[in-house]
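Subject: Structure for your files

Hello,

Here is the structure I said I would pass on. My notes on what was found in it follow below.

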Amino acid sequence: MTTNIIKAQISDINILVDMHIRHIGDSFFSYLGKKFLRIIYAELIFSKYASTYVYINDGHIIGYISFILNKKLLFIKILFTKSFVILFSLNFISFLKCIFYFFSSIGYIIKKQYCKSELLFIAVNDDYKKNGIGSKLVDFAETIIKQNNIYKVQVSINDENIISQILIKNKKYIFYRIINFYGKKMNMYYKQL
Ligand SMILES: CC(C)(COP(=O)(O)OP(=O)(O)OC[C@H]1O[C@@H](n2cnc3c(N)ncnc32)[C@H](O)[C@@H]1OP(=O)(O)O)[C@@H](O)C(=O)NCCC(=O)NCCS
């Protein structure tokens, strides 16, 4: 296991949010704004049901991966402890978007999922792409998931995100189903760890 990958800290939140907006801008989470993302990343760093690891080069974060160990429990925790903070983090427009995304994602929310753990976000800064860092972050996340006695993981990737699909297919993830999430076609993959 490479020592370049370490657990994210609270002080990393702004960097992670900026990287998210820069690299994963076309996503439901980005559309709801920076304040919303900060709340979500705080959960992805601190919750016992999720984790975030950063890839460090020369003391700087150049990549990261966030993953969930138990989606249902994380969702319930956010619903009961963060609903008001999230509502107040949204402006009127993003509040309307939130409602729209909720209804356009019902299929994803209620349809059978492959398993409770999921690779959620991954990004590598442009200057460092194609050096195997994304691949190492996925391997690392899988190791941590297994250390938590979880042996199945899923990932949903926007149909247009070809590079992430290459990465995931190279890691022997298997196509499971197409889902509609916030009006976008997503391909869900799974892997037995
Ligand atoms: C997806 C991403 C994390 C991959 O990071 P990376 O460090 O460049 O990935 P790697 O160098 O480990 O490459 C992984 C595989 O993808 C392939 N790949 C990477 N970039 C590619 C490109 N531009 N074209 C074709 N294949 C590519 C590599 O050849 C490699 O294949 P291999 O395992 O056969 O060698 C990075 O492109 C990124 O940050 N994208 C934007 C954020 C994003 O879309 N995240 C996913 C949604 S959350």
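**Strands and sheet**

Lysine 7 stands opposite tyrosine 53 in β2. The model is a predicted one, and what follows should be read with that in mind. The pair belongs to the contact between β1 (residues 5-7) and β2 (residues 50-57), two antiparallel strands joined by three bridges.

β2 also pairs with β3 (residues 60-68), again antiparallel, here through eight bridges. Valine 54 has tyrosine 64 of β3 as its opposite number. β2 and β3 make a hairpin with two residues between them, and aspartate 58 in the turn has a positive phi of about 50 degrees.

Tyrosine 64 has a bridge partner in β4 as well, namely alanine 123. β3 and β4 run antiparallel and are joined by six bridges. β4 itself covers residues 118-124.

Further along the chain, β5 (residues 152-158) and β7 (residues 184-192) are antiparallel and share seven bridges. Lysine 152 is placed opposite glutamine 192 of β7. On β6 (residues 174-181), the pairing with β7 is likewise antiparallel and runs over seven bridges. Arginine 177 has methionine 188 in β7 as its bridge partner. β6 and β7 also form a hairpin, with two residues between the strands, in which tyrosine 182 adopts a positive phi near 40 degrees.

How are the seven strands ordered in the sheet? The order is β1-β2-β3-β4-β5-β7-β6, in an open sheet with mixed pairing. β1 and β6 are the edge strands, each pairing on one side only. From one strand to the next, the twist averages 30 degrees.

**Helix packing**

Two helix pairs are worth going through, and α3 is a member of each. For packed helices in general, the description consists of the angle between the axes and the distance between them.

α1 (residues 13-23) packs against α3 (residues 34-46) at an angle of about 120 degrees, and the axes are 9 Å apart. The two helices are therefore oblique to each other. The crossing of α1 past α3 is right-handed. On the α1 side the contact is made by Ile13, Leu16, Val17 and His20, and on the α3 side by Lys34, Leu37, Arg38, Tyr41 and Ala42. By class, these residues are six nonpolar, one polar and two charged.

The second pair is α3 with α4 (residues 71-89), whose axes come within 10 Å and cross at roughly 155 degrees. The angle is over 145 degrees, so α3 counts as roughly antiparallel to α4. This crossing, too, is right-handed. From α3, the residues in the contact are Lys35, Phe36, Ile39 and Glu43; they meet Leu74, Ile78, Lys82, Val85, Ile86 and Ser89 of α4. The contact divides into six nonpolar, one polar and three charged residues.

Where does α3 lie with respect to the sheet strands? α3 lies across β2 and β3, and its direction is at about 90 degrees to β2.

**Ligand surroundings**

The ligand is surrounded by 19 residues, of which the closest are His23, Lys129, Ile133, Gly134 and Ser135. Which elements each supply at least two residues of this shell? They are β4, α7 (133-147) and α8 (162-170). α8 gives the largest share, with five residues. Sorted by class, the shell holds nine nonpolar, eight polar and two charged residues.

**Where to look**

If you open the model with these notes beside it, three places cover much of the above. One is tyrosine 64 in β3, which stands opposite valine 54 and has alanine 123 of β4 as a bridge partner. Another is α3, which packs on α1, meets α4 and lies across β2 and β3. The last is the shell around the ligand, where α8 makes the largest contribution.

Regards

Methods:
Residues are numbered from 1 along each chain as its sequence is written. This is a predicted model: local features need pLDDT of at least 70, side-chain atom pairs count only at pLDDT 80 or more; totals for chains, interfaces and linings use all residues. A residue is near a molecule or strand if its C-beta atom, placed from the backbone, lies within 6 Å of it. Helices (H or I, at least four residues) and strands (E, at least two) are DSSP runs, numbered from the N terminus. Ala, Val, Leu, Ile, Met, Phe, Trp, Tyr, Cys and Pro count as nonpolar, Asp, Glu, Lys and Arg as charged, and the others, Gly among them, as polar. Axes are lines fitted to C-alpha atoms, for helices over the stretch in contact, and angles run from 0 to 180 degrees between N-to-C directions. Angles under 35 degrees count as roughly parallel, over 145 as roughly antiparallel, 65 to 115 as roughly perpendicular and the rest as oblique. A crossing is left-handed if the near helix is turned anticlockwise from the far one by less than a right angle, and right-handed if clockwise. Two residues are in contact if their C-beta atoms, placed from the backbone, lie within 7 Å. Two strands pair if DSSP finds at least two bridges between them.
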